[in-house]
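Subject: Structure for your files

Hello,

Here is the structure I said I would pass on. My notes on it follow below.

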Amino acid sequence: MSVEQPLWGPFFGVMGSASAMVFSALGAAYGTAKSGTGIAAMSVMRPELIMKCIIPVVMAGIIAIYGLVVAVLITNSLKSADNNYTPFQGFVHLGAGLSVGLSGLAAGFAIGIVGDAGVRGTAQQPRLFVGMILILIFAEVLGLYGLIVALALTTKA
């Protein structure tokens, strides 16, 4: 015997999928734009370092991939309320989407700020490159933490 589920349950699942993609893409876009302006300013002084200093842009793009993965996982689990999609599942999917999305937004901000200052500094003092990479890794891990929590949540729904 199946209990009829409320019609608003799937809404939260859809919002989880959308927030995963939107917020992580916003973070990736900010990180790309902010780092890109630093690369443009740096390339005037040291054009030979452009390819070496493109790393912050690549790392910012990975943040969007985290959101895409979770959005696809949530979307594949979505069902209509008639197919027994419970409000609990919707809330869990919303939490998963917000987890990866907002942590991706924060990571994108951090990558953008560090990438901008790091590539400008590397143009003046090349020994700063390794330090910049380490800080970028720590900023990227913030998005990875959100991905891990989101994957754990999607397995509970």
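**What was found**

Alanine 41 is part of helix α1, which covers residues 9–45. Please keep in mind that this is a predicted model. With a relative accessibility of 30%, alanine 41 is classed as partly exposed, because buried would require under 20%. Its C-alpha atom is 7.1 Å from that of arginine 120, a residue 79 places away along the chain.

The largest nonpolar core has 27 residues, and those touching the most other members are Met42, Ile63, Val70, Val100, Ile111, Met132 and Leu136. Two or more residues of this core come from each of α1, α2 (55–77), α3 (87–124) and α4 (128–154). The most come from α2, which supplies eight. Beyond its neighbours within four places in sequence, valine 70 has contacts with Ala20, Ala96, Val100, Leu147 and Ala150.

On the aromatic side, there are five aromatic pairs in the structure. One of them joins tryptophan 8 and phenylalanine 12 edge-to-face, with 6.0 Å between centres and 90 degrees between planes. Phenylalanine 11 and phenylalanine 12 also pair: their ring centres are 5.4 Å apart and their planes stand at 80 degrees, so this pair is edge-to-face. Relative accessible area is 44% for tryptophan 8 and 48% for phenylalanine 11, while phenylalanine 12 has 23% relative accessibility and is partly exposed. Trp8, Phe11, Phe12 and Phe91 make up one aromatic cluster.

Lastly, lysine 52 places its charged end over the ring of phenylalanine 129, 4.5 Å from the ring centre.

Regards

Note on methods
Residues are numbered from 1 along each chain as its sequence is written. This is a predicted model: local features need pLDDT of at least 70, side-chain atom pairs count only at pLDDT 80 or more; totals for chains, interfaces and linings use all residues. Side-chain values use heavy atoms; hydrogens and water are left out. Helices (H or I, at least four residues) and strands (E, at least two) are DSSP runs, numbered from the N terminus. Buried means under 20% relative accessible area, exposed over 50%, partly exposed in between (1.4 Å probe, protein chains only). A nonpolar core is a set of buried Ala, Val, Leu, Ile, Met, Phe, Trp, Tyr and Cys residues joined through side-chain atoms within 4.5 Å. Contact means heavy atoms within 4.5 Å. Rings of Phe, Tyr and Trp (its six-membered ring) pair if their centres lie within 6.5 Å; planes under 30 degrees apart count as stacked, over 60 as edge-to-face and the rest as tilted. A charge sits over a ring if NZ of Lys or CZ of Arg is within 6 Å of the ring centre and within 35 degrees of the ring normal.
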